[in-house]
Amino acid sequence: MSRVALPDFPWDSLAEVKATAQAHPGGVVDLSIGTPVDPVPAGIRDALASVSEIPGYPTTHGIPALRAAAIAALGRRHGVTGIEPDAVLPTIGSKEAVAWLPRLLGFGEGDVVVIPELAYPTYEVGVLLAGASILRSDGLTALGPQKPAMIWINSPSNPTGKVLPVEHLRKVVEWARERDVVVVSDECYLALGWETDPLSVLHPDVSGGSTEGLIAVHSLSKSANLASYRAGFLTGDPRLIAQLLEIRKHAGMIVPRPVQEAMVAALTDDEALGAQRERYARRRLALRKALEDNGFRIDHSEAGLYLWSTRDEDAHQTVAWLADRGILVAPGTFYGPTGGKHVRIALTATDERIDAAVERLSA
């Protein structure tokens, strides 16, 4: 049995600069990974505990209340309509879905999967696990005459925070449908638009009111602070979701029952989402000003939890410069070859740590 050759885990390479940042007298301000730091809302924790006595196996497809809550939230928060109850499938966070989707959809050797030029590293890993070939492209013209099996889009983008306009999204959907190509949209940051309102690939202005050939990936890690719960879901084309459901049943890829109950609470609580957005908005404004006052340029970053920042130098020089000030960030090279002069700076730190970073940048 051949072993899949995977890239090294990018964040392991930060050990040296992390040690430098940790040695700062005021402690490290870790802005390298987008892990939530704010409390899980009380209503979600109560929901988790409310079914903790249930001993039986949970359903892979999720309880009906969860699927109904997801459909309602997509409509209420993002203007998505026409989702069928059977076309919602909970996942153990979004990362495992991203890593396994190409393989679970049946793609492999001889197939091409398109990922963004700058992309979350797990897109590449997922294609490698499937044994398919990777093409990095942000446009359709680079594909030429070849027909890919699947296209990943990510708006708002991780790492850049770029939001794709409705015209671009619609063009990708129409092009893919003409060629029977699956489009998968990573929408984990959809609720975190700052300078523009991101649209789901399932929004009728993009999809034409049809889910054919489309899958949207959603996560509650960022919007509801549920990274530790591993709470995500897929939705879109009922035919594709049914295929994924059947395989996940056999493979035991099941979201625990208490987590499903917590997801219902998170998808219902718009007030908690609004409060979390306000926290991130405050941190974003403070950190952005401090960076720009220090000669950084912030590119894109219209949405999401990161500032895509550059000093027009090698990214590793910027990482080292910030580490000397006790601030740890990720080089843009983690996300693709074209990220060599940018760093990704996360907003996921406490107010106290963000204030410390601002103070150090102002010194």
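Are Trp 308 and Tyr 335 buried or exposed? In this predicted model, both residues turn out to be buried. They also pair up through their rings, and the arrangement is edge-to-face, with 6.4 Å centre to centre and 80 degrees between the planes. Trp 308 belongs to strand β10 (residues 306–310), while Tyr 335 sits in the loop between β12 (330–331) and β13 (343–346), so this contact ties together parts of the chain that are 27 residues apart in sequence.

That pair is one of the 6 aromatic pairs that turn up in a search of the whole structure. Another is formed by Tyr 123 and Trp 152, and here the rings are stacked, at 4.7 Å centre to centre and with 25 degrees between the planes. Tyr 123 comes from helix α5 (residues 121–130) and Trp 152 from strand β5 (residues 150–154), so a helix and a strand are tied together by residues 29 apart in sequence. Tyr 123 and Trp 152 are both buried. The story does not stop at two rings, either: Tyr 120 joins Tyr 123 and Trp 152 in a cluster linked by ring pairs.

Rings in this model also meet charges. The charged end of Arg 325 sits over the ring of Trp 321, 3.7 Å from the ring centre. Tyr 306 has an arginine over its face as well: this is Arg 344, at 3.7 Å from the centre of the ring. Tyr 306 falls within strand β10 (residues 306–310), the strand that holds Trp 308, and Arg 344 falls within β13 (343–346).

Key:
Residues numbered from 1 in each chain as written. Predicted model: local features only at pLDDT ≥ 70, side-chain atom pairs only at ≥ 80, totals over all residues. Heavy atoms only, no water. Phe/Tyr/Trp six-rings, centres within 6.5 Å; stacked < 30°, edge-to-face > 60°. Helix = DSSP H or I, 4+ residues; strand = E, 2+ residues; numbered from the N terminus. Buried < 20%, exposed > 50% of the residue type's maximum accessible area, 1.4 Å probe, protein only. Lys NZ or Arg CZ within 6 Å of the ring centre and 35° of its normal.
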